[in-house]
Amino acid sequence: MSHSPENLISSAIVSKFCGKLLDGLKLDVAIVGGGPSALVAARYLAEKGIKVAIFERKLAPGGGTWGGGMLFNEVVVQDSALEILDDFGIRHEVLPDAPGYHTLDSVEMASGLIFGALKAGAKIFNSVSVEDIVFKAGKVNGLVINWTPVERLGMHVDPLTVIADCVLDGTGHPSEIIRLATEKAKIELDTPTGKILGERPMWVDSGEASTVENTREYFPGLFACGMSANNVSGGYRMGPVFGGMLLSGRKVAALIAGKFNK
Ligand code: 48F
C-alpha cells in the first residue's frame with residue numbers, strides 16, 4: 001500500500017521525535033531551562049562529548065534574552081564575555097562612549113545561542129516543564145517532566161522521568177529545581193544557611209561578578225547557573241547586561257565536565 005504525503009509527513013515527525021525523546025530519557029547532564037547561561041553550558045558540554053539535553057517550559061528557548069531591556073531588543077555584554085559570543089558567531093559592536101561594553105541584537109543573541117547549542121549536539125525539548133526531581137538514596141538522579149500545556153491546564157496526567165548523572169538548574173530568578181529539592185527532598189545546600197538565600201535588588205557590577213562566583217555544585221549532582229545561582233546564594237540582580245550569564249554557563253560546563261574527567 002502506498003503512503004499518502006499526509007501520512008509520510010506525520011509518520012516522519014512522530015518517529016523522529018520519539019527516537020529523540022527515547023534517547024533523551026537517559027543523560028549525562030539534564031539541564032532545566034533554556035536561558036542564556038544554560039544554552040552556553042549545553043554547547044560546551046556537548047562539544048566535550050557529554051550527553052546533554054535542555055528541558056524548556058516555553059515554546060521558544062532563550063529565556064530573558066529576547067526582550068533586551070524593557071523590550072528594546074538590544075543587550076549589553078562586557079569585554080570578558082566576547083570570546084563566548086565569538087565562539088557562537090554572534091556579532092557585537094563596541095560602545096564608543098563606554099569602554100569595555102558592547103551592544104548586540106537580542107534576537108541574534110537568543111537565536112545564535114540556541115543554534116550553537118544544537119549544532120554542538122545538545123538536544124532541546126521545548127514546551128516541556130520540569131515538575132520534580134528523581135531523588136534516590138540521598139542523591140539527585142534526574143527529572144520529572146510533563147508537557148507545559150498539561151501543567152498550564154492543570155490536567156490530571158502523570159509525568160515521565162529522565163535519568164541523569166548531573167542536573168543543572170538554569171531556571172533563572174526562581175531557582176525552581178533547587179527550591180523544590182530543598183522543599184521536597186529536604187536537602188541542605190552548600191550555602192551559609194543550607195537554604196536558598198534569595199536574590200537581592202539591582203547592583204549591576206556586584207551582580208555580574210557574583211553570578212559567576214555563585215555558579216557551582218550546591219548538592220552532589222545538583223548545579224546552578226545564571227540567575228538561579230545568584231538567587232540561591234543571595235547575589236544582586238543586574239538587568240540587561242549578559243556577560244555574567246555567558247561566563248556562568250561556561251564555568252558550569254567546565255565544572256560538570258570535570259566530573260566526567262573531560
Ligand atoms: O531566566 P533565564 O533567561 O535564565 P538565565 O540563564 O538568564 C537570566 C537572564 O535572562 C536575565 C538576567 C540577565 O541579566 O537577569 O533574566 O539565568 O531563563 C530561564 C528559563 O528557564 C525556564 C524559563 O521558561 C526560562 O526560559 N524554566 C523555568 N522553570 C522551568 C523552566 C521548569 N520548571 N521547567 C522547564 N523550564
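Contact here means that heavy atoms lie within 4.5 Å. The model on screen is a predicted one.

**Stop 1: Ser210 and helix H7**

Select Ser210, which lies in helix H7. Leaving out residues up to four places away in sequence, Ser210 touches Asn230, Gly235 and Tyr236. Show the side chains of Ser210 and Asn230: a polar contact of 3.0 Å joins them. Is Ser210 buried or exposed? Its relative accessibility is 11%, so Ser210 counts as buried, since buried means under 20% relative accessible area.

Now widen the selection to the whole of H7, residues 204-213. Its buried residues are Gly207, Glu208, Ser210 and Thr211. To see what covers them, add strand S3, helix H8 (226-232), strand S13 (236-237) and helix H9 (243-259), which are among the covering elements.

**Stop 2: the small sheet with S3**

Keep S3 in view and add S4 and S5. These 3 strands form an open sheet, in the order S3-S5-S4, with antiparallel pairing. Strand S3 (74-78) and strand S4 (93-94) are the edges; each has a single partner strand, so one side of each has no neighbour in the sheet.

Between S4 and strand S5 (residues 101-105) there are 2 bridges, and the two strands pair in the antiparallel sense. To find a matching pair of residues, select Val94 and look across to His102 in S5, which stands opposite. Then display helix H4, residues 106-120, which packs on this sheet. H4 touches S3 and S5, and its direction makes about 80° with that of S5.

**Stop 3: strand S1 and its two partners**

Move to strand S1, residues 26-32. How many of its 7 residues are buried? The count is 5, and the strand is mostly covered.

S1 pairs with strand S9 (residues 160-169) in the parallel sense, over 6 bridges. Pick Ala30 and then Val167, its bridge partner in S9. S1 also runs parallel to S2, joined to that strand by 4 bridges. Here the residues to pick are Ile31 and its bridge partner in S2, Ile54. Strands of a sheet pair through backbone hydrogen bonds, either parallel or antiparallel.

**Stop 4: Arg57 and what surrounds it**

From S2, step on to Arg57, in the loop between S2 and S3. Arg57 has a relative accessible area of 25% and is therefore partly exposed. Select Gly34 as well: this residue is 23 residues from Arg57 along the chain, and their C-alpha atoms are separated by 8.3 Å.

Which residues does Arg57 touch, not counting those up to four places away in sequence? They are Ser127, Val128, Ser129, Thr148, Glu151, Arg152 and Glu176. With Glu176 there is also a polar contact between side chains, at 2.8 Å.

Take Thr148 from that list. Thr148 is found in helix H5, residues 148-153. With a relative accessible area of 4%, Thr148 is buried. Leaving out residues up to four places away in sequence, Thr148 touches Arg57, Ser127, Val128 and Ser129.

**Stop 5: two positive phi values**

Most residues other than glycine have a negative phi, and most peptide bonds are trans. Select Ser127, where phi is near 60°, a positive value in a residue other than glycine. Ser127 sits in the loop between strand S6 (123-126) and strand S7 (128-136). At 17% relative accessibility, Ser127 counts as buried.

Next select Met70, which is not a glycine and yet has a positive phi of about 50°. Met70 belongs to the loop between strand S2 (52-56) and S3. Is this residue buried or exposed? Its relative accessibility is 75%, so Met70 counts as exposed.

**Stop 6: the ligand**

Finish at the ligand. There are 27 residues around the ligand, and those that come nearest are Ser37, Glu56, Gly64, Met227 and Gly239.

Three polar distances can be checked in the viewer:

- A nitrogen atom of the ligand lies 3.0 Å from a polar backbone atom of Arg57.
- A polar backbone atom of Gly64 is 2.7 Å from an oxygen atom of the ligand.
- In the side chain of His173, an N or O atom is 3.2 Å from an oxygen atom of the ligand.

Taken alone, the ligand exposes 730 Å², and the protein buries 92% of that.

Methods: Residues are numbered from 1 along each chain as its sequence is written. This is a predicted model: local features need pLDDT of at least 70, side-chain atom pairs count only at pLDDT 80 or more; totals for chains, interfaces and linings use all residues. Side-chain values use heavy atoms; hydrogens and water are left out. Two strands pair if DSSP finds at least two bridges between them. Axes are lines fitted to C-alpha atoms, for helices over the stretch in contact, and angles run from 0 to 180 degrees between N-to-C directions. A residue is near a molecule or strand if one of its heavy atoms lies within 4 Å of it. A polar contact is a pair of N or O atoms within 3.5 Å; within protein, one must be able to donate a hydrogen and the other to accept it, and residues adjacent in sequence count only if both atoms are side-chain atoms. Accessible areas come from the Shrake-Rupley method with a 1.4 Å probe; for residues, only the protein chains shown count as cover. Buried means under 20% relative accessible area, exposed over 50%, partly exposed in between (1.4 Å probe, protein chains only).
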